[in-house]
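This report is meant for a reader who is meeting the structure for the first time. It takes up aromatic rings, then one helix, then the cysteines.

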Amino acid sequence: MNRFRWWLAQYMQGRYGTDNLNQFLLVVALGLIVIGFFLHWRLLNLAVVAILIYVYCRMFSRNVNARYRENQKFLAWAARFRNGNYAGRRQNGGFTVAKDPSRKILRCPYCGERLRVPKGAGNIMISCPHCHAKFNKKV
């Protein structure tokens, strides 16, 4: 058994392995297999085989950077549903940001950087982390 583990470790060296996208695809494939027991559709079986082939191709891939980017895109997509507030979101600078009722978004008057400050704090001194400018603002 130790010899097999050593061989497998040597074989997987430099390969991508598994990640969140692969785990999600395996759960989808398992769900489709369960559905396939009842429906007996050949197209569904073909979809399961295609998903499993894709998972194994990603797992044994040596192009780690491409697989990492795919996983990051999947995680960004899945985060919208994980937070539970995916319907009330807005686009800010290319990033999807959930509305936070306890914070207010202000712009730095010097560099234009967006800053989050607590709502209802009154007149506060704000220091911009981007340009290090300081300014007063009533929130």
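## Aromatic rings

Rings of Phe, Tyr and Trp, the last taken by its six-membered ring, are counted as a pair if their centres lie within 6.5 Å. The model shown here is a predicted one, and by that criterion the structure holds 8 aromatic pairs. Ring pairs join Phe-4, Trp-7, Tyr-11, Tyr-56 and Phe-60 into a cluster.

Within this cluster, the rings of Trp-7 and Tyr-11 have centres 5.6 Å apart and planes at 15°, so the pair is described as stacked, given that planes under 30 degrees apart count as stacked. Trp-7 and Tyr-11 both belong to helix 1, which covers residues 2–12, and because they are 4 residues apart there, about one helical turn separates them. Trp-7 is partly exposed, with a relative accessibility of 46%, and Tyr-11 is also partly exposed, with a relative accessible area of 34%. Tyr-11 has a further neighbour in Arg-15, whose charged end sits over the ring of Tyr-11 at 4.2 Å from the ring centre.

## Helix 4 and its two sides

Helix 4 is made up of 19 residues, from 64 to 82, and spans 26 Å from its first C-alpha to its last, which is close to the 27 Å expected at 1.5 Å a residue. Ala-66, Arg-67, Asn-71, Phe-74 and Ala-78 are buried in this helix. When helix 4 is viewed down its axis, the buried residues fall within an arc of 130°, and they therefore line one face of the helix.

What do the buried residues of helix 4 pack against? Their partners are helix 2, residues 20–39, and helix 3, residues 42–59. On the other side of helix 4, by contrast, Asn-65, Arg-69 and Lys-73 are exposed.

## Cysteines without a disulfide

A disulfide is a covalent bond between the sulfur atoms of two cysteines. The structure holds 0 disulfides, and Cys-111 accordingly takes part in none, although the nearest cysteine sulfur, belonging to Cys-128, is 3.7 Å away.

Why is there no bond between the sulfur of Cys-128 and that of Cys-111? The two sulfur atoms are 3.7 Å apart, which is too far for a bond, because a disulfide is counted where a pair of cysteine sulfur atoms lies within 2.5 Å. As for their surroundings, Cys-111 counts as partly exposed at 32% relative accessibility, whereas Cys-128, at 0% relative accessibility, counts as buried.

Conventions. Residues are numbered from 1 along each chain as its sequence is written. This is a predicted model: local features need pLDDT of at least 70, side-chain atom pairs count only at pLDDT 80 or more; totals for chains, interfaces and linings use all residues. Side-chain values use heavy atoms; hydrogens and water are left out. The expected span of a helix is 1.5 Å times one less than its number of residues. Buried means under 20% relative accessible area, exposed over 50%, partly exposed in between (1.4 Å probe, protein chains only). The arc is that of the directions from the helix axis to the C-beta atoms. Contact means heavy atoms within 4.5 Å. Rings of Phe, Tyr and Trp (its six-membered ring) pair if their centres lie within 6.5 Å; planes under 30 degrees apart count as stacked, over 60 as edge-to-face and the rest as tilted. A charge sits over a ring if NZ of Lys or CZ of Arg is within 6 Å of the ring centre and within 35 degrees of the ring normal.
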